[in-house]
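Here is a short briefing on how a protein holds its ligand. Have a look at the model first, then read on.

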Amino acid sequence: MKSVRVDPDAKTARVEPGVVLNELDHETQAFGLATPVGYNSTTGIAGLTLGGGWGWLSRKHGLTVDNLLSVDIVTAQGELVHASEAENEDLFWGLRGGGGNFGIVTSFEFQLHEVGPTVLSGPIVYPFDDAEVVLSGYREFAASAPNDATVWCVIRHAPPLPFIPEEWHGRKVVILATFYAGDMEEGEAVLQPIRDVGAPIADAVGPHPYTGWQQAFDGLAPAGNRHYWKSHNFDELTDGMIETFIEYGKTIPTPETEIAIPHLGGAMNEKPVGATAYPHRDFEFTMVLHTQWMDSEQDEECITWTREMHEAMAPHATGGVYANFVPEEVGDQQAAYGENYDRLVEVKNEWDPENVFRLNHNVEPTK
Ligand SMILES: Cc1cc2nc3c(=O)[nH]c(=O)nc-3n(C[C@H](O)[C@H](O)[C@H](O)COP(=O)(O)OP(=O)(O)OC[C@H]3O[C@@H](n4cnc5c(N)ncnc54)[C@H](O)[C@@H]3O)c2cc1C
């Protein structure tokens, strides 16, 4: 189910659930349009949307669910139902963050926005030894960044990319990945302060096709690697947190592993917690530990490192977890759905009382 149908006048797209993000971007960008989706273009639109969905456009245009206008869904009773703000509103509310709990979505309708097709974006790469200056500069920039500007900080080993001098390949670095959603000339001025932080090894900020930027990170999570990921949300970056990021940056277990600290917030926090089933409307930064390795002999070392760092950051976190970043078997529904859980149970009781759809972050029916 791979169809994408764009209505350029209404600025909407009808998208079938087998579509992956680069396929959606490809079709919408033909009209200079886009909706916020994730940073890795091989991700599926269906799971990403139903769990919330955020990416480079989210500070400006909100979560993917905030841009969902309607769905067609096959329910547990085998009926094809349309859900939107005007029809089956409770089901539509539950689908915007409640995952696969209520049925099988066969079509998503999204609001699109004018984006690019060329956007100011690119990475700035610093030696890991400068991490404290870079992270402090990042925090300062984020504090007053307009919603058009998004910068994400990543601690990792430098990949062998052509814009990074060869002598740095494989050495530990801090990367600030930058993106400006608005006018490029304006973006040059807005992003300048972050480009003035420290002394970079490489600065590749410039005009890039939006679709290219959306695929720029795909190569860093190739199919076949072994993965163990964990995340936290934070409402600020304190000195103590920066110290801990650096401490664990020193012991990153493999060249593929990343400590990613994206700046989010902006439009994502503008809706009330109860507006959609997705509840996390109060954080500015997230941390995603993307631990990756190739050899099963490293399983224990890599998993232990990830758990220890996750635990070390826990006292600073807001406490909620993003359902799309934790495996189903973790089963921490309250942390994933927060104060929206009770309403999700009501929607589940109505639409799937026998829990047909339970292989997910399950909302257990009480009927
Ligand atoms: C490399 C990588 C990068 C990522 N980056 C981001 C990011 O930048 N932003 C972000 O928000 N998330 C990100 N994620 C997390 C991503 O949102 C989740 O992994 C999400 O579950 C992916 O959805 P999928 O459709 O690809 O997966 P699937 O495994 O196909 O689906 C996940 C779950 O969604 C439900 N589901 C899927 N299709 C349907 C359907 N048609 N109807 C009803 N329920 C359905 C099911 O419960 C299913 O188990 C990333 C993940 C990876 C692996």
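In this predicted model, 22 residues surround the ligand, with a heavy atom within 4 Å of it. The closest are Tyr 39, Gly 44, Trp 54, Val 105 and Tyr 322. Residues are numbered from 1 along each chain as its sequence is written. Local features need pLDDT of at least 70 and side-chain atom pairs pLDDT 80 or more, while totals for chains, interfaces and linings use all residues, and side-chain values use heavy atoms, without hydrogens or water.

**Polar contacts (pairs of N or O atoms within 3.5 Å)**
- Tyr 322 places a polar side-chain atom 2.6 Å from an oxygen atom of the ligand.
- Asn 324 also has a polar side-chain atom by a ligand oxygen, at 3.1 Å.
- From Leu 48, a backbone N or O atom lies 3.3 Å from an oxygen atom of the ligand.

**Cover**
- On its own the ligand has 960 Å² of accessible area, and the protein covers 69% of this (Shrake-Rupley method, 1.4 Å probe).

**Who makes up the shell**
- Helix H2 (45-51) and strand E6 (104-111) are the elements that give two or more residues to the shell; helices are DSSP runs of H or I with at least four residues, and strands are runs of E with at least two.
- H2 gives the most, with four residues.
- Domain 1 (4-114) and domain 2 (118-324) each supply at least three shell residues, with bounds from an automatic or database domain assignment.
- By type, the shell holds eleven nonpolar, ten polar and one charged residue; Tyr and Trp count here as nonpolar, and Gly as polar.

Methods
A polar contact is a pair of N or O atoms within 3.5 Å; within protein, one must be able to donate a hydrogen and the other to accept it, and residues adjacent in sequence count only if both atoms are side-chain atoms.
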